[in-house]
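My notebook is open, and I want to look around inside this chain. Come along and read over my shoulder.

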Amino acid sequence: MPSYRASPGFFEVPHAAVYALMTVTVLASGFCFIQAGGPSAPAELLYRSGGMYSAAIARHEYWRLVAYGFLHVNFVHLTMNMLCLVLWGGHLEKRVGPAYFLIIYLCAMVFGAVIGNGIHSTPYLTVGASGATSGILGALLCLWILGKLDLRFDFFAINIGLNIAFAFGNSRIDWGVHLGGFAAGLIACALLDLVEKANAWALRCKFPEVVKVNLTLLACVIAPWAWSSQAQAIAAGASGWGLMIIIAVACCAVVKLIDLALSMKRGLAIVVTALAAANAAAVMLCGWALAFSCWPHLPIGYIPLDIFLVIFCPNPVLISGLTAIGVGAVTLCLCAKEISRGIGDVGFVGASLRAERSRRQGL
């Protein structure tokens, strides 16, 4: 469980979510550098790989709202953003846990791009994790304002000051993404604090971090599908809100069922096993959906996806099934400690989770 107070030191050792985001970002950016044959990537390559540009939202290319945050112009750009992720991410992840950290990071990335897109009046191309890392700093400031973070004022003065100075020294900085990400991180953190306070009335148990992280990842899979379904409903002449309400109610019902299961004897083992099965099913369904992209008449311009489809398309059902089994097995392995704890439970696990829910108010 995440601790209630962050370390008062200026630097906090990064944790799992920070390392995972760093790995994905370095691999995605490094792939572009390899394609370019040097320590920088040209604009045309960044555009094809997922860079955010002026007409992306109008053309319903919503995947770029996330993809752009894992790409970088050059090695210096990548190093600066990863340094910010390390310096700030450790404090936030330790304080709110990996699940809420990922939610804040992705919200800052997406809404930073949306706000940046609204501010731009001329064509542009934006890449980089600056909006997401600015969101981390905004979330830390929110916790500090709420009196829930033991960092001193000079931490924010130094970090915000250095970033403003660096931004003024670089004319290519996208201020809209930076400010949008910072505001989104601050607001997302405040909303999560309200959600946690409301959960004291709606839920009986404090969810273990592995459960929260797994639910967050599943939500990231469901969200694009729900968004796409709403867009199709609107295009067909319907409002689209009916489907969104049904999905929201279903998600709330699933969360409540998990809450009830966790309060039962050996409920933790049941929940983790069910989530492993859900992960496998999600991978299988995503694989079947991607199979439609193998049709020759569908143009694919995203370079990593092109390479993936060359391997995937010959037998998508088999490969999806094998991948789903692998994902389910990995989930069970990563959650082996929780499964063991749940199997050996004689009633204490649910009681401890209920006690922690009643003891903790807000983030």
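I started with residue classes: Ala, Val, Leu, Ile, Met, Phe, Trp, Tyr, Cys and Pro count as nonpolar, Asp, Glu, Lys and Arg as charged, and the others, Gly among them, as polar.

I noted that this is a predicted model, where local features need pLDDT of at least 70, side-chain atom pairs count only at pLDDT 80 or more, and totals for chains, interfaces and linings use all residues. Residues are numbered from 1 along each chain as its sequence is written, and side-chain values use heavy atoms, with hydrogens and water left out.

**Cavity.** I looked for cavities (sets of points on a 1 Å grid over the protein atoms alone where a 1.4 Å probe fits but cannot get out; lining residues have an atom within 4 Å of a point). I found one cavity of 30 Å³ or more. The largest cavity has a volume (the space filled by probe spheres set on the points) of about 60 Å³. Its lining has four nonpolar, one polar and six charged residues. Among the 11 lining residues, Val-96, Lys-206, Lys-212, Arg-360 and Leu-363 lie nearest the centre.

**Helix H14.** I counted 15 helices and two strands in the chain, taken as DSSP runs (helices H or I, at least four residues; strands E, at least two) numbered from the N terminus. Which residues of helix H14 are buried (under 20% relative accessible area, 1.4 Å probe, protein chains only)? I listed Glu-338, Ile-339 and Gly-342. Seen down the axis of H14, they fall within an arc of 100° (from the directions from the axis to the C-beta atoms), so they line one face of the helix. The face turned away carries Lys-337 and Ser-340, which are exposed (over 50%).

Methods
On a 1 Å grid over the protein atoms alone, a cavity is a set of points where a 1.4 Å probe fits but cannot get out, and a pocket is an open set with protein on both sides within 12 Å along at least five of seven lines; lining residues have an atom within 4 Å of a point.
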